[in-house]
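Please look over the structure shown below, and keep it in view while reading the paragraphs that follow.

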Amino acid sequence: MTDSEFDPLRAILAELAPQGRPALLPALHAAQKIYGWLAEPVLAEVGRALHVPLADLYGVIDFYAMFQRQPAGRTMVRVCSAPVCALAGAEVVAQALCRHLQIEPSAVSSDGAFTVEHSPCLGLCDRAPALLVNEAAVGPADPADAAAICAMSGPQTVSFVGGDIRILTSNCGQGHPTSLARYQARGGYAGLKNTLTMTPQAVLAEVKAAGLVGRGGAAFPTGVKWEAAVNAPGQPKYIVCNADESEPGTFKDRILMEEDPQRIIEGMLIAAYAVGASRGYIYVRGEYPYAFKVMSEALAEAHQAGVIGKNIFGVGLGFDVEMRLGAGAYICGEETALLESIEGKRGLPRIKPPFPTTHGLFGKPTVINNVETFCNVALIVERSAAEYRKLGTERSPGPKLFCVSGHVQRPGLYEVPLGITLRHLLFNLAGGLKQGRRLQAVLVGGAASYALAIGSIFGATVVVALV
Ligand SMILES: Cc1cc2nc3c(=O)[nH]c(=O)nc-3n(C[C@H](O)[C@H](O)[C@H](O)COP(=O)(O)O)c2cc1C
Ligand code: FES
């Protein structure tokens, strides 16, 4: 490579360098975007700028499936090979694409234009078989459409959103993001405004009284987690949003991010106020490039309007949020692995205890919650804990989002009060089985539900398979 070819990378690295190693993932993404893959001279440049030894850097990029160590096609077609898409015929689609382009899977077409790869779940299970063509979601894909898909004109349908209630999803189902102005016009940021009239202790008490439990899988009481971070010594404190949603069959967080990003930011702001945190991170999985873009734009919009930043709503509260894009590693959904990843390392889980509430991001007290959990927070503070408890059951209050995919009439995202039956979800809401088919299996909680039976019910995936 000539020296001038490094210029665009050097300009980006100059901006990222003050952060040091925690800027490693953004730097690698930027480098891959410029050069298509990560050659050794490029890695050496990144390592020098961020003070990461080259051997260490190789360890990091080998951990993440989406960093390319070999030249790749300018257009990357990722065909989902996870259970829902596999049942819907994804392999036949992959073969049709490879045949059309005359390449093997993971190889580069002779003109350097295309690579076709198998991918883990893309969070488009309601549109199986699904693919990502560079950053564009395509599905359901038909093998006969191979040429159209390669010409970037494959089907790009919108996820169906329904349910018995539409509270968390009141702004979803349109297929486009809700702007800050529209979010506010529809009552958004009322929760934050209420928050700012209360003491942090009162906000915490309200979230505890609501009985909210985390929606990321472990169903841990949110208020109890926040209280531990409040009581932990050490500054600064961090709020982290877990948007790594990688469980096959799950796509609720993707839809919330893509269609109602301000609701998530509002929840994080309320958490920051209650916990006394000044900085936040939103970690979005690498397979969600569009959600990452929408969340980044929503943050910029919130910043410009003074909703986040140094002086929120002019009351002197300061909270800034930074985005992080993952790079293809299921395990980074586990909270401590996610923190390692933000720090620019391989996403290996830490031994617990200590828990993130005392020893979290950069060793500081950290609250990490799921996207849907933060959306519930805004609702609680807006309506009060007592109102919130009117939804759901005594031990599991509140609304819940279920992702239904597989062989049902209406795959999609359904919002219901906790406590409904699986039969109601599948047969009344999702329309029952496809014509002429017989039920073989219902997988509740995604593929990991087998190992994580109770927690995964809150991960809230339902996959239906038929004979
Ligand atoms: C293997 C594994 C994968 C996980 N993946 C996710 C995930 O993709 N998204 C998520 O929010 N939580 C995931 N979790 C749970 C997180 O570790 C953590 O409990 C959660 O982010 C806490 O947020 P909550 O209390 O709001 O649910 C995972 C846990 C394990 C053990
Ligand atoms: S997108 Fe294929 S299984 Fe989820």
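What covers the buried residues of H2? In this predicted model, the cover over the buried residues of H2 includes the helices H1 (7–16), H3 (40–50), H4 (54–63) and H15 (335–342), together with the strands E7 and E9. The residues of H2 that are buried are Leu-24, Leu-25, Ala-27, Leu-28, Ala-30, Ala-31 and Gln-32. When reading such a list, it helps to remember that an α-helix has 3.6 residues a turn, so residues three or four places apart point the same way.

The length of H2 can be checked with a short piece of reasoning: the helix holds 12 residues (24–35), and because each residue should add 1.5 Å, the expected span is 16 Å, which agrees with the 16 Å between its end C-alpha atoms. Just after H2 comes Gly-36, whose phi is positive, at about 85°.

The strands E7 and E9 lead on to the sheet, an open one of five strands in the order E8-E9-E7-E6-E10, with mixed pairing. Strand E8 (309–312) and strand E10 (366–370) are at its edges, and because each has a single partner strand, one side of each is left without a neighbour in the sheet. From one strand to the next, the twist averages 25°.

At one of these edges, E10 runs parallel to E6 (residues 238–243), and five bridges join the two strands; Asn-242 stands opposite Asn-370 of E10. Strands of a sheet pair through backbone hydrogen bonds, either parallel or antiparallel. Helix H13 (residues 261–275) lies across E6, E7 (279–284), E8, E9 (317–325) and E10, and runs at about 150° to E6.

Methods
Residues numbered from 1 in each chain as written. Chains lettered and ligands numbered in written order. Predicted model: local features only at pLDDT ≥ 70, side-chain atom pairs only at ≥ 80, totals over all residues. Heavy atoms only, no water. Pairing = 2+ DSSP bridges. Helix = DSSP H or I, 4+ residues; strand = E, 2+ residues; numbered from the N terminus. Axes fitted to C-alpha atoms, helices over the stretch in contact; angles between N-to-C directions. Contact = heavy atoms within 4.5 Å. Expected span 1.5 Å × (residues − 1). Buried < 20%, exposed > 50% of the residue type's maximum accessible area, 1.4 Å probe, protein only.
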